[in-house]
Amino acid sequence: MSSQSPDRSVPSTDEHPTGAPRKPRVLVLFGGRSGEHAISAATAAGVLRAIDRSRYDVVPVGITPSGEWVLAADEPSRWEITAGRLPQVEPTGEEVILPLSTGRRDLRVLTPGEVPRVLGEVDVVFPLLHGPYGEDGTLQGMLELSDVRYVGAGVLASAVGMDKHFMKLVLAGEGLPIAPYTVVKPGAFERDPETVTQAVAALGLPVFVKPARAGSSLGISKVDDLADLPAAIAAAQEHDPKVVVEAGVVGREIECAVLGGRGGARPRASLPGEIVVTGEQHDFYDFEAKYLDEAGVELSCPADLPEHLVERVREIAVRTFEAVGAEGLSRVDVFVTPDERVVVNEINTMPGFTPFSMYPRMWEKSGLSYPDLIDELVALALERPTGLR
């Protein structure tokens, strides 16, 4: 290895002042600039509570809605969603920064008027951010530049997984089954509403109108009448100027968790789960049904499917994971139609990860506990180098 090549070895853990091997230091990163800030904080609450402190040193770092990185309270209850309160990371007057050079992983805290404070090396970042500026490849690119290992998908897979338009192009290119759709690019509806409406009408009703690059069902509308299309597009554009309109699929909504294989092994899929919206106020699995009205939703795992369909869902989930080049973890959402077709809806490269979210619940039912799942994801990240791989 030349002197110009970055060190791709597993980070050293032998620097504890007592001479004993130090524990890997995990930076749990959450919050962020997207509309899913509170969901990210709730996810962090679950991870902070469950991560094995005997195996890892944990440094919670929050990102405020304006983008400041700050040291966050290591108090899981502080970051949970409760009745009447959505958690939010607030500025503290101090800023946390990572180095932007290879071979250095020291975390520093900047306080105005003071000498920077060094908190020690970070071995792996566990990014628990959802949506733009966290799940879309931007943060992953920063961590690659910092030469810091991290949990989850890399730059390209994160970007493709976040953008429903390009996700569908990649999945179709790999021969995976997807539903019919059309894309409303920025300004297209304002310039030519008739052409856009005709393209949507050709899909048949109902359709689902979605921001192309948002999650947690933010900005999604079900449209049963084309007269409601302008309002649905406007609601989606509150989160993203690019909009995807998907044909409604008659079928059951099934999810499957995928976990990246260690040591070059193929990724593996959990038993699938099913979401059934039971509350009359929810026409589909929207934001309120996901996070604010648990009584109106039934989460069933394993899903009540024949064995051959269970295996088909698991196979499609792994193929979807591999198609976008995902790493670490992803949740693949599909529809199973009455004639037993499995149609891919989307892949989430940073799915909901609270102990009650479908991703860890599916692994729990598949024999992998929440703390063990966290441990495996950190181990996967520690063994994976940054850069081209």
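How many of the residues of the protein count as buried? Of its 389 residues, 52% do, where buried means under 20% relative accessible area, exposed means over 50%, and partly exposed is in between, with a 1.4 Å probe and protein chains only. Before you select anything, note that this is a predicted model, in which local features need pLDDT of at least 70 and side-chain atom pairs count only at pLDDT 80 or more, while totals for chains, interfaces and linings use all residues. Residues are numbered from 1 along each chain as its sequence is written, and side-chain values use heavy atoms, with hydrogens and water left out.

**The whole chain**

Begin with a cartoon view, in which the protein has 11 helices and 18 strands; these are DSSP runs numbered from the N terminus, with helices being H or I of at least four residues and strands being E of at least two. The protein exposes about 16900 Å², of which carbon and sulfur atoms supply 52%, the areas coming from the Shrake-Rupley method with a 1.4 Å probe and, for residues, only the protein chains shown counting as cover. If you look at contacts, meaning heavy atoms within 4.5 Å, between residues at least 6 apart in sequence, 65% of them join residues at least 24 apart.

**The five-stranded sheet**

Next select strands 3, 2, 1, 7 and 8, which in that order form an open sheet of five strands with mixed pairing; two strands pair if DSSP finds at least two bridges between them. Strand 3 and strand 8 stand at the edges with a single partner strand each, so one side of each has no neighbour in the sheet.

Move inward to strand 1, residues 25–31, which pairs with strand 7 in the parallel sense over four bridges, with Leu29 standing opposite Pro127 of strand 7. Strand 1 also runs parallel to strand 2, and seven bridges join the two; here Val28 is opposite Pro60 of strand 2. Strand 2 is largely enclosed by the rest of the structure, because six of its seven residues are buried.

From strand 2, step on to Thr64, in the loop between strand 2 (57–63) and strand 3 (69–71). Thr64 counts as buried because its relative accessibility is 1%. Leaving aside residues up to four places away in sequence, Thr64 touches Gly32, Arg33, His37, Val70, Val89, Glu90 and Pro91.

**Helix 1 and helix 11**

Now show helix 1, residues 37–50, which lies across strand 1, strand 2 and strand 7 and runs at about 150° to strand 1. Add helix 11, residues 370–383, which packs with helix 1 at an angle of about 95°, their axes 9 Å apart. That angle makes the two helices roughly perpendicular. Axes are lines fitted to C-alpha atoms, for helices over the stretch in contact, and angles run from 0 to 180 degrees between N-to-C directions. Angles under 35 degrees count as roughly parallel, over 145 as roughly antiparallel, 65 to 115 as roughly perpendicular and the rest as oblique.

To see the contact itself, display Thr43, Gly46, Val47 and Ala50 of helix 1, which meet Tyr370, Pro371 and Ile374 of helix 11. By class these residues divide into five nonpolar, two polar and no charged, where Ala, Val, Leu, Ile, Met, Phe, Trp, Tyr, Cys and Pro count as nonpolar, Asp, Glu, Lys and Arg as charged, and the others, Gly among them, as polar.

**Helix 3 and helix 4**

Select residues 155–162 for helix 3 and residues 164–173 for helix 4, which pack at about 105° with their axes 5 Å apart; helix 3 and helix 4 are therefore roughly perpendicular to each other. Val160, Gly161 and Met162 of helix 3 make the contact with Lys164, Phe166, Met167 and Val170 of helix 4, a set with five nonpolar, one polar and one charged residues.

**Backbone details in the loops**

Finish with individual loop residues, drawn as sticks. Tyr133, in the loop between strand 7 (124–127) and helix 2 (138–146), has a positive phi near 65° although it is not glycine, and Tyr133 counts as partly exposed at 44% relative accessibility. Asp147, in the loop between helix 2 and strand 8 (149–150), likewise has a positive phi, near 60°, but Asp147 counts as buried at 2% relative accessibility.

Two cis peptide bonds complete the tour. The bond from Leu205 to Pro206 is cis with omega near 5°, and Pro206 is in the loop between helix 6 (193–201) and strand 10 (207–211). Cys301 and Pro302 are joined by a cis peptide bond with omega about 0°, and Pro302 lies in the loop between strand 16 (297–300) and helix 9 (307–323).
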